[in-house]
Amino acid sequence: MASEKVLAYLDKHRQNHVEQLCDFLRIPSISSQSDHNEDTKRAAAFVADELKALDLQVEVIDMGGHPLVYAQTEIRPERKTLLFYGHYDVQPVDPLELWDNPPFDPIIKDGIIYARGSSDDKGQVYTHIKALEAYVREGVELPVNVKFIIEGEEEAGGESIYKFTEENPAKLACDAVVVSDTTLYNETTPGICYSLKGLAYMEITVKGPAMDLHSGSYGGTVQNPGNALAKIISHLMDDEGRCKVPGFYDDVLELDQEERDGFAELGYTDEILCDETGAPAAFGEAGFTTLERMWARPTCDVNGITCGYGGEGAKTVLPAIGKAKVSMRLVPNQAPEKIAEAFAAYVKEIAPAGVEVTVTNHHNAAPVLVHRKSDMMQAGMAALEQGFGAKPVFIREGGSIPIVGTFQDCLKSPVLLLGYGLNTDNIHSPNEKFHLDNFWRGIRTSAILMVEAAK
Ligand code: BES
Ligand code: MN
Ligand code: MN
């Protein structure tokens, strides 16, 4: 347990912490939209100022993109070191009309805060800052050395954090990297995440005639890029939910029996799934349970299609071009580059005659697997149990956090994925939210983790 003083401070400052989080959430730090570049800078400054006020040594680092915020307490060699990673950037907000409340004007309803970035990831990053604040303000000696590396390009596929990590492994050296950018298992059960999916994000472009044609005048004389694109997409997956890209499953690390049993014990049902998503039925690769597919099977999904006329009424047109964005979520030990290449080759192979097809690879992320039985994992479990008042379960995530694989490779430290969000927090969607109970429990967990990690 953390010192009584620290925990009492946290109890006393619950409302202040929420108000301060609101200030952070008011900054529209959308990293992928350049008209928000000043806002991302302001969000970085917000984080930097908070950490400076806690007497950390802080640097705002420009690696060519949005700034990184690096900070450290005094480093005493006899103490262990925790490195906290997170991101201050957020996703775009459109479609704006589906928000019940403006995305950057946080509102609290029934113990839930609604705003873009509340769960992903400002609210979660903030838990660690406020935990540290309790030690500093109460004058309680920190059980560990603390470092922060908070980035502003996670949602935009930026390179800054990779460059910085590869060039400065000594600066980031630590006994564990702590990442709060994932979810609890459910509202009452914390989870310790031991695997993230990777990603290969592709775009297919199908070009036909030089301009849109009258579909009567020229229909039947040339290949239609829309038809061709549909044909390609129809060959990506079979009827059983398996991806048809050759070699797609070759390197997939299968679940072991202990994992499958663990998943089964969690009791996740298709009814819960339909309830959470509003989908009429569950669907996916035959031979695996829903949770197995969600957490441990690779996927291939169309993310968007643009082609021809999509406006009101009818317009008789044979489109000049069709495009599809496709994401493949990968699992250990699939290599994103290898999968991206196989995908491109396969699409070329199945492309109908009469159109020009190009395939580009937007960005990749490596899948992550961490040891379940390390001492740090034990510390994380103990902290979650005390912070949330419930025993944590082992979970995986279907989402990706691209830098985590690089941390493992460059820093050789264990990574603790302690997530305080919920799958139903609407991250990346309208009405993103974060439960204040989870915010406060997250802060406690972080404060307790500092003690547990020191053991
Ligand atoms: N925090 C998410 C990752 C996440 C999503 C964790 C869902 C748990 C559940 C992160 O900010 C994110 O959105 N990652 C992107 C990565 C992509 C842009 C390379 C993702 O998973 O789509
Ligand atoms: Mn995130
Ligand atoms: Mn995100």
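A polar contact is a pair of N or O atoms within 3.5 Å. Glu 154 gives us one to start with: a polar side-chain atom of this residue lies 2.7 Å from an oxygen atom of ligand 1. Keep in mind that what you're looking at is a predicted model. Let's walk through the ligand's surroundings, then two sheets, then a few spots in the backbone.

**Around ligand 1**

- Count the neighbours and you get 15 residues surrounding ligand 1, with Glu 154, Asp 181, Arg 329, Ser 400 and His 428 as the closest.
- Sorted by class, that shell holds 6 charged, 6 polar and 3 nonpolar residues.
- Two domains chip in: domain 1 (4–196 + 367–454) and domain 2 (198–252 + 298–365) each supply at least three residues of the shell.
- Besides Glu 154, the side chain of Glu 155 has an N or O atom 3.1 Å from an oxygen atom of ligand 1.
- His 87 joins in as well, with a side-chain N or O atom 3.2 Å from an oxygen atom of the ligand.
- How much of ligand 1 does the protein bury? On its own the ligand exposes 510 Å², and the protein buries 89% of that.

**The sheet of 8 strands**

- This one is an open sheet with mixed pairing, and its strands come in the order β1-β2-β6-β3-β7-β18-β8-β17.
- At the edges stand β1 (57–61) and β17 (393–395); each has a single partner strand, so one side of each has no neighbour in the sheet.
- Going from one strand to the next, the twist averages 25 degrees.
- Now zoom in on one pair: β7 (residues 176–179) and β18 (residues 415–418) run parallel and are joined by 3 bridges.
- In that pair, Val 177 stands opposite Val 415 of β18.

**The sheet of 3 strands**

- Here you'll find another open sheet, ordered β4-β5-β19, with antiparallel pairing.
- Which strands stand at the edges of this sheet? They are β4 (107–109) and β19 (433–435), and since each has a single partner strand, one side of each is left without a neighbour in the sheet.
- The twist from one strand to the next averages 25 degrees in this sheet.
- Strand β5 (residues 112–114) pairs with β19 in the antiparallel sense, over 3 bridges.
- Look for Tyr 114, which stands opposite Lys 433 in β19.

**Backbone spots worth a look**

- As background, most peptide bonds are trans, and most residues other than glycine have a negative phi.
- Going from Asp 94 to Pro 95, the peptide bond is cis, with omega near 5 degrees.
- You can find Pro 95 in the loop between β3 (81–87) and β4.
- A cis peptide bond also links Pro 332 to Asn 333, this time with omega near 0 degrees.
- Asn 333 belongs to the loop between β14 (321–330) and α10 (336–350).
- Is phi of His 428 positive or negative? It is positive, near 70 degrees, in a residue that isn't glycine.
- His 428 sits in the loop between β18 and β19, and His 428 is also among the closest residues to ligand 1.

Methods
Residues are numbered from 1 along each chain as its sequence is written. Chains are lettered from A and ligands numbered from 1 in the order in which they are written. This is a predicted model: local features need pLDDT of at least 70, side-chain atom pairs count only at pLDDT 80 or more; totals for chains, interfaces and linings use all residues. Side-chain values use heavy atoms; hydrogens and water are left out. A residue is near a molecule or strand if one of its heavy atoms lies within 4 Å of it. A polar contact is a pair of N or O atoms within 3.5 Å; within protein, one must be able to donate a hydrogen and the other to accept it, and residues adjacent in sequence count only if both atoms are side-chain atoms. Accessible areas come from the Shrake-Rupley method with a 1.4 Å probe; for residues, only the protein chains shown count as cover. Ala, Val, Leu, Ile, Met, Phe, Trp, Tyr, Cys and Pro count as nonpolar, Asp, Glu, Lys and Arg as charged, and the others, Gly among them, as polar. Domain bounds come from an automatic or database domain assignment. Two strands pair if DSSP finds at least two bridges between them. Helices (H or I, at least four residues) and strands (E, at least two) are DSSP runs, numbered from the N terminus. Axes are lines fitted to C-alpha atoms, for helices over the stretch in contact, and angles run from 0 to 180 degrees between N-to-C directions.
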